[in-house]
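Hi,

Here is the structure I promised to pass on to you. Have a look at it first, and then read my notes underneath.

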Amino acid sequence: MQRLADRDFLTSVVLLGVYGLFAYAIYTATSTDVKDWIFPKLATYVLLIIAFAFLSKVLFEAILKRIPDIVEFTKDDQRAYLDVLVFFLIVLCYLFVMYGLGFWLSSFLMLILTSTYLTIEKTTRNIRLAVIVPFASCIVFYFVFLYFFYVPFPRATWWMGLMPD
Amino acid sequence: MIEGLMQALSPGYFFYLTLGVLIGMFVGTLPGLTATMGTALLVPFTFALPTGEGIAMLGGLYVCAMFSDSIPACLVNTPGTPAAMATAFDGHPMVQQGRGQEAIVASCFSSTIGTVFGAGCYLVLAWPLIEIALKFGPPEFFWLGIFALTIIGSLAGDSILKGLAGGAIGLLISCVGISHGNELARFTFGVPELRGGVSLVAGLIGIFAIPQVLSMVTELRKKEFIAEYKPKGGETFKTIRKVIAHPLHLLRSSAIGSFIGILPGAGSPIAAIVSYNEAVRWSKDKSQYGKGDLRGVTASEIANNAAAPAAMIPLVTLGVPGSSPAAVIAGALMLRGLNPGPELFQSDGALVYSFGWALLFAGIVTFILGSLFAPLLVKIIRIPLRLLAPLIMLLATIGAYAIRNNIFDVYIMLGLGVFVFIVRRFGFHPGPIGLGLILGPIIEPSLIQALYISDAVGIGKVFFTGTINITLITLSILSVLFVIWTRRRDKKLQADGGERSN
């Protein structure tokens, strides 16, 4: 069971997954011209060969009863990955509300939420920084990207007309 | 040439050149804003200026952006433009070791060396070099791409197989979108937005910046900053001495950058990758590459900067731009009624030469400004991780979105970022994946075009004849053999060392 967390076994699973994804698209394609597919086909073959090489290595090591190279997941790791998960969920929500609230308001909220969440020592000074820095950054980026680089960011649709952009 | 020099030395000309350099510094530093985008945005502003000054301003921006893209690459492992990918391999480890200022100054000084060399080629060797470059057809570009792929051996980390797999994944991602043969939609999985392919910039931000941001989040309970930084006096001169201590390395990187810059379509990213690969191959002590070796930063930065002025050579000699920013500059010339090419050389030679001098001076101005700002820029790493990670995430989102104004690119960036973040735990290095993404658009079209040619004359004749093809094939084979040999030797040395310590 421990071997399922072996680094090389997990590598081969990932490679087979990527291979499956791309190979499915290649073999269900309608075009018969070899030139359309020769390059991606070669790349998928490379992936398949390497995946089997890792799988064989894992099997070989299991037969020889060698110690597997386990991807460790300590208590500290669990807490760190929970931080990543929360951070990532906030970013996903940000992308979701971007078209409703408008780019800049949603960016400001994302920055405040993530900065506050990631502030471990929630002292008054640190919280103040977690609000001021996002606010100042958003103002600077707003002027730079809108008035210098003319980037047309998504506008608010939930309160159209009330927000500038 | 002298007339061009006098023109380039006039105060007004120099002022606009410096202004272009300053804007370039800003454009390159922001991930997602490429030199192409910067020059394109600046073109309308240059219409109010005389032709020489306007073009010099664009050239100054282009040259400086090729340096300043190394700033985020070194400080936060996020290449400002694709050309700085190889700079991050050693630049970021240097910053983590508290050598941030050294990394920035080395990058700045080597950018100047590269620019001066490339501009020198533009001024002196334009015609002989272009004759060689014209011999590059699709098969030669294919083999050049394959040769550049052999750098995987240097980037793969502990497992060369994982490096190869990463490269193959990058190449597959680059295949998403319309095919080069029959314009067929490939790997779109029913998503219409994927027909346009994966944006190179968004992809690279995803591969390098997002895993870095997520790593910062995992580390913020252990450390407050990316690295400690204590400003040191005299760092600039010490670093310059270290850089010039390897004259052959500087010459080789400059020559590689200038030559690849001339090849239309290859550009600065390929120049930097090939130069890095060659630096590793020719080095006696390879063990430090990827762990904060100054030569890794200089190899990449010299080549990508040498490629910038060199990309102007086919533009002024043949009317064919050597890179995307060169194409924008060609457009700016054409909008003024000037046709780049041999005619321009004959009709307005002073303009062509003053532009060459402007590029050369832009390199020097870049060094002055870069070394002045270096201590200030390095202070970015003193921003606490809890504030820096969200800010980089916002900049990455803006960068991925701004390149095509498409929110789908942001989704792609995030998806790729999470994928790379996960596979890094299994021992994958992001470098080969990024390399595949950059080289795919060079290798595949060349392969398809060469295959079409081979329909008439045979595969053997197209791919395996001609001096350039044979040279590149030989170099690729030697490169692979060399990687295998050095890895075996390093393993043996490690084993011997282990036995001795036991």
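Below is what turned up, chain by chain, with the contact between the chains at the end.

Some ground rules before that: residues count from 1 along each chain as its sequence is written, while chains get letters from A and ligands numbers from 1 in the order in which they are written. It's a predicted model, so to speak of local features we need pLDDT of at least 70, side-chain atom pairs count only at pLDDT 80 or more, and totals for chains, interfaces and linings use all residues.

Chain A has 5 helices and 0 strands, which gives α-α-α-α-α from the N terminus on. (Helices are DSSP runs of H or I with at least four residues, strands are runs of E with at least two, and both are numbered from the N terminus.) The radius of gyration of chain A is 24 Å, where a compact globule of 165 residues would have one near 15 Å. That radius is taken over C-alpha atoms, and the globule rule is 2.2 Å times the number of residues to the power 0.38. The C-alpha atoms of chain A fill a box of roughly 65 × 50 × 25 Å along the principal axes. Two domains are assigned in chain A, domain 1 (2-63) and domain 2 (75-148), with bounds from an automatic or database domain assignment. Their C-alpha centres lie 38 Å apart.

In chain A, have a look at H3(A) (residues 75-101) and H4(A) (residues 103-118), whose axes come within 8 Å and cross at roughly 165°. Axes here are lines fitted to C-alpha atoms, for helices over the stretch in contact, and angles run from 0 to 180 degrees between N-to-C directions. H3(A) and H4(A) are therefore roughly antiparallel, a term for angles over 145 degrees (under 35 is roughly parallel, 65 to 115 roughly perpendicular, and the rest oblique). Their crossing is right-handed, meaning that the near helix is turned clockwise from the far one by less than a right angle (anticlockwise would be left-handed). Among the residues making the contact are Phe87(A) and Tyr94(A) of H3(A), and Met110(A) and Tyr117(A) of H4(A); contact means C-beta atoms, placed from the backbone, within 7 Å. By class, this contact has 14 nonpolar, 2 polar and 1 charged residues. Nonpolar covers Ala, Val, Leu, Ile, Met, Phe, Trp, Tyr, Cys and Pro, charged covers Asp, Glu, Lys and Arg, and the others, Gly among them, are polar.

On to chain B, which has 24 helices and 2 strands. Its radius of gyration is 22 Å, close to the 23 Å that the globule rule gives for 502 residues, so chain B is as compact as a globular protein of that length. The C-alpha trace of chain B spans about 75 × 65 × 50 Å along its principal axes.

H14(B) (residues 267-282) and H15(B) (residues 294-310) pack at about 145°, with axes 8 Å apart, in a right-handed crossing. Ala271(B) of H14(B) and Ala303(B) of H15(B) are among the residues in that contact, which has 10 nonpolar, 6 polar and 1 charged residues.

And where do the chains meet? The contact takes 43 residues from chain B and 46 residues from chain A. On the chain B side, the elements giving two or more residues are H10(B), H11(B), H20(B), H21(B) and H22(B), and the largest share, 9 residues, comes from H20(B). That side has 31 nonpolar, 6 polar and 6 charged residues.

Cheers

Definitions and conventions
Contact = placed C-beta atoms within 7 Å.
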